[in-house]
Every structure is written in structure tokens, then in C-alpha cells.
Amino acid sequence: MERTAIYLTTAVGGHYLASLIQMSLHRVVGHRPLGGPIHRIHMLEHHGIYSGDALVADTYSEEEKSSTQYYAAPAVALAAAAYATLPVDVFVVFVAAISASYTAHVYVHTQYHLSRSWLRRFGWFHTRRNLHYAPAVRRR
Ligand SMILES: [Zn+2]
Ligand SMILES: [Zn+2]
């Protein structure tokens, strides 16, 4: 395969892999007692601050601790596995892709909870925002 095609496949694959890992961790660790302290913190802080009628606010809450630390361990493990198996240039593309994917995910998620997000004009944003609100609405 041509190098450009390999890079592109790696970037797209990295994005999907990072999304899959985040989604699985959120569901299994964040929303089940199995997650222990992470589960409690996630329910209390994130879904505690943003629940019921308070799913959106004018500014994103500063009280909520960042969840980045919880994703650090799986990210390092994933990067180590990639480093061990991929050629170094493909590894660099992979790490850049998962980092960009994570950053975009965090950014869009913050926008979900803002009442005046600039992303409101996009249909996909509404669809995903409603999906994100679903667990909070169900618990009421
Ligand atoms: Zn959650
Ligand atoms: Zn949220």
C-alpha cells in the first residue's frame, strides 16, 4: 500500500478505535458499579451537575474534575502497543490521530452542555447531544 494510504487508514482507524475505547469505558466504568470510585465520581460530578433540567448551562462547570486522568492509562497502553507493532512513522500518525480524536471528543462534549453552543446549527450535533442526554433523562 502507498504510504499516504497507510497514513490515512491509520488516522481514520485510530479515530474509530479511540472513540470505541472512550465509549466502552464511559459505559462500563462510568455507568456501572464495576467502575468503583470512577463510577461514583462520574455519577456525582458529571451526571450530578448535569441532570434533569440542568443539562445545559451558560458556561461549562469548573467544578467538575477533568476525566482526562481516567483515560491516561488506557491511552498509554494503546500507544505502547502501537509503538511495539507499528513502523515509527505510522506510530506517529496513530498517536496524532488518537490525540486529535480525544481533543475533539472533549471539545464537542463540552459544547453539549452549553446552552448557546455555536454547533447548534448542525443536525449531527443535535442528534448526538440528544443521545448524550438520554441516560440522564432516563434516570429521572
Ligand atoms: Zn456518563
Ligand atoms: Zn456530558
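In what follows, donors are N, O and S atoms within 2.8 Å of the metal (3.2 Å for Na, K and Ca), and water is not among the atoms, so sites may look incomplete. This is a predicted model, where local features need pLDDT of at least 70, side-chain atom pairs count only at pLDDT 80 or more, and totals for chains, interfaces and linings use all residues. Residues are numbered from 1 along each chain as its sequence is written, chains are lettered from A and ligands numbered from 1 in the order in which they are written, and side-chain values use heavy atoms, with hydrogens and water left out.

Here are the two zinc sites.

| Ion | Donors | Distance | Angles |
|---|---|---|---|
| zinc ion (ligand 1) | His26 (NE2), His31 (NE2), His42 (NE2), His47 (NE2) | 1.9 to 2.0 Å | 93 to 157° |
| zinc ion (ligand 2) | His46 (NE2), His109 (NE2), His113 (NE2), His132 (NE2) | 1.9 to 2.0 Å | 98 to 136° |

Take the zinc ion (ligand 1): its donor residues run H-x4-H-x10-H-x4-H in sequence. Among them, His31 sits in the loop between α1 (3-30) and α2 (37-49), while His47 is in helix α2, 16 residues apart, so this pair links distant parts of the chain. Helices here are DSSP runs (H or I, at least four residues), numbered from the N terminus. With 5% relative accessibility, His47 is buried, and His31, at 23%, is partly exposed; buried means under 20% relative accessible area, exposed over 50%, and partly exposed in between (1.4 Å probe, protein chains only).

For the zinc ion (ligand 2), the spacing is H-x62-H-x3-H-x18-H. His109 in helix α4 and His132 in helix α5 tie together parts 23 residues apart in sequence, and both are buried.

Methods
Tetrahedral: all angles 85-135°; square planar, octahedral: opposite > 155°, others 65-115°. Helix = DSSP H or I, 4+ residues; strand = E, 2+ residues; numbered from the N terminus.
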